[in-house]
Amino acid sequence: MSVEVDALLQEAKENIEAAQNYRRELQQRLHGLNQARKQVRGSSGQAREALQKHFTELQVAAGRLLAERLAILLAEVDAIEAESIRPLDDCQSLIEHGVSQADELLREGEAALRCGLGEKEAKLGSFTKKALNIQLDSLPEVPALVDVPCVSAQLDDSLLGMLRDRVARHGAVSSHPPVQIEELQERPGSVLVRWCKVDEDFAAADYRLQYRRSGSGGAQYEDAYIGRDSEFLVLHLDPHTEYLFRVCARGEGRTEWSPWSIPQTGYTTLAPHEWCPGTEGFILSSRRNIAMRNDSSPSRCPVLYSNAPTYFCGQTLTFKISAAGQVDRRDSLGVCVESESGMESLQRDKAVCISTNGAVFVNGKEMTNQLPAISLGSAVTFDMELVSLFPVSNNNLRDEGSFKLRVTIGSGNREVVFDWLLDQAVDALYFGCSFAHSGWKVLVF
């Protein structure tokens, strides 16, 4: 086979491979386009249903309110009419009775005048006596028209104008929500959710974050956070389980929430941080992420370690103080290479920690820099990153002086940064705490 044929064959193979890749890329873009079309049509259908349902409910509610108000006003008219007609009916009955008496008296008088002379005297006497009893000069009083009710309805025509203006401003349709989820970061047993505004003209007063398990059709979204921050750590998530997250915002001076952002799927592969059960002097929560120092061991200051070395470089480890006891210089919160039993503090070799008085210790030595004292509500954070691996003999990372970490400890809006030199490489670290006195309660995440 000639060189030209080989070249053509090679070029044909390359073109075939390029065509396959091109087709694959186009198919992926077609899939993305179909997803976009599905989102547009699906969200439009949901918006139509929401609008129709809302305005139908408004129509029914408005009709019911108007009917109730009409019934109340008609009842008031009925009550006024009944109360006003009653004395008029009484007066009419009295007048009609007087008319009847007058008719009867007239007939009797006319009969007396027509009768013969023998009966005239007796009948005229009887007639005169009856006339005196009726009191023909006494007439009942009839109320003047100005003294009786004239019922009318006062209707404010401005209501329709106000209603028209409110209805014209009621509801809105938007093609994009004003806020979207920007980033999902996995953390041990949790996911850090960050969001941002995509509508710069929207002035957000509060944000609302919700989540639920993915794939569970009947599951309802749960509120995870409502506030002004633009990030939140959602705790107590099961590892290797997908969750859906969405966020919305509320504008300044408004009561209603904006449309929800497009749900984003996130998950964590990292096991949650847990305290080690069975340590004397500590009580743990059911999830083992909260530890409370009790008075079962008042003479000792035992160290409570994590259940496993679950802290890795590049993560943020946070201790949240939810109850505080008496401060002691032996107290400690920090991380260490090994979970050595029998120790009474993390102020030792192969550990970095902060005491409740704010002192920072590295490998048992107190640093010059100091952080604010730890108290109720304090949050202490540890961040670490690998700085360097020093050259070692025989390529053994576990030789002396081969591992250095850059450590940042934050507390009370202040932080200290230092390099932690270890004589061995570590993949993960334990965390721990110790308190000389009871009453301390710490959440780790």
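Student: In what sense do S13 and strand S14 (residues 359-362) pair, and over how many bridges?
Tutor: This is a predicted model. In it, Cys-353 stands opposite Phe-361 in S14. The sense of the S13 and S14 pairing is antiparallel, and the count of bridges is 3.

Student: Which residue in the hairpin of S13 and S14 takes a positive phi?
Tutor: Look at the turn that links the two strands. The hairpin has 4 residues between the strands. A phi near 100 degrees belongs to Gly-358.

Student: How many bridges join strand S12 (residues 332-336) to S13?
Tutor: Two facing pairs help to place the strands. Cys-336 stands opposite Ala-351 in S13, and Leu-333 stands opposite Ile-354 in S13. S12 and S13 run antiparallel, and the number of bridges is 4.

Student: Which residues of strand S13 (residues 351-354) point the other way from Ala-351 and Cys-353?
Tutor: In a regular strand, side chains alternate between the two faces of the sheet. In S13, Ala-351 and Cys-353 point one way. All of these S13 side chains are buried, on either side. Pointing the other way are Val-352 and Ile-354.

Student: Which strands stand at the edges of the sheet with the order S10-S19-S12-S13-S14-S15?
Tutor: This open sheet has 6 strands, with antiparallel pairing. An edge strand here has a single partner strand, so one side of it is left without a neighbour in the sheet. The edge strands are S10 (303-305) and S15 (365-370).

Student: By how many degrees are neighbouring strands of this 6-strand sheet turned against each other on average?
Tutor: Take the strands in the order S10-S19-S12-S13-S14-S15. Compare neighbours, with direction ignored. The average turn is 25 degrees.

Student: What is the strand order in the open sheet of 3 strands?
Tutor: The pairing in this sheet is antiparallel. S1 (179-187) and S5 (231-234) stand at the edges, each with a single partner strand, so each has one side without a neighbour in the sheet. Neighbouring strands are turned by 20 degrees against each other on average, direction ignored. The order is S1-S2-S5.

Student: Over how many bridges do S1 and strand S2 (residues 190-197) pair?
Tutor: Glu-183 stands opposite Arg-194 in S2. The S1 and S2 pairing is antiparallel. The number of bridges is 8.

Student: How far apart are the closest N and O atoms of Arg-29 and Glu-25?
Tutor: Both residues sit in helix H1, 4 residues apart, so about one helical turn separates them. Arg-29 is exposed at 55% relative accessible area, whereas Glu-25 is partly exposed at 37%. They form a salt bridge, with the closest N and O atoms at 2.7 Å.

Student: What is the N to O distance in the salt bridge of Arg-254 and Glu-256?
Tutor: Start with exposure. Arg-254 counts as partly exposed at 49% relative accessibility, and Glu-256 counts as partly exposed at 40%. Their side chains meet with an N to O distance of 2.4 Å.

Student: Which residue forms a salt bridge with Asp-419?
Tutor: The closest N and O atoms of the pair are 2.4 Å apart. The pair links distant parts of the chain, 13 residues apart: Asp-419 lies in strand S18 (residues 414-422), its partner in strand S17 (residues 403-411). Asp-419 is partly exposed at 34% relative accessible area, and the partner counts as partly exposed at 31%. That partner is Arg-406.

Student: Which residues do salt bridges with shared partners join into one network?
Tutor: The model has 12 salt bridges by the rule used. Some of them share partners. The residues joined in this way are Glu-183, Arg-194 and Glu-231.

Student: Is Leu-51 buried or partly exposed?
Tutor: Leu-51 is found in helix H1 (residues 3-114). Its relative accessible area is 35%. Buried would mean under 20%, and exposed over 50%, so a value in between counts as partly exposed. Leu-51 is therefore partly exposed.

Student: What accessible area does the nonpolar patch with Leu-51 have together?
Tutor: The patch is on the surface. Its members are Leu-51, Phe-55, Leu-58 and Val-173. Together they have an accessible area of about 340 Å².

How values were computed:
Residues are numbered from 1 along each chain as its sequence is written. This is a predicted model: local features need pLDDT of at least 70, side-chain atom pairs count only at pLDDT 80 or more; totals for chains, interfaces and linings use all residues. Side-chain values use heavy atoms; hydrogens and water are left out. Two strands pair if DSSP finds at least two bridges between them. Axes are lines fitted to C-alpha atoms, for helices over the stretch in contact, and angles run from 0 to 180 degrees between N-to-C directions. Patches are made of residues with over 30% relative accessible area and no salt bridge: like charges are joined within 9 Å, nonpolar side chains (Val, Leu, Ile, Met, Phe, Trp, Tyr) within 5 Å. Accessible areas come from the Shrake-Rupley method with a 1.4 Å probe; for residues, only the protein chains shown count as cover. A salt bridge is a side-chain nitrogen of Lys or Arg within 4 Å of a carboxyl oxygen of Asp or Glu. Buried means under 20% relative accessible area, exposed over 50%, partly exposed in between (1.4 Å probe, protein chains only).
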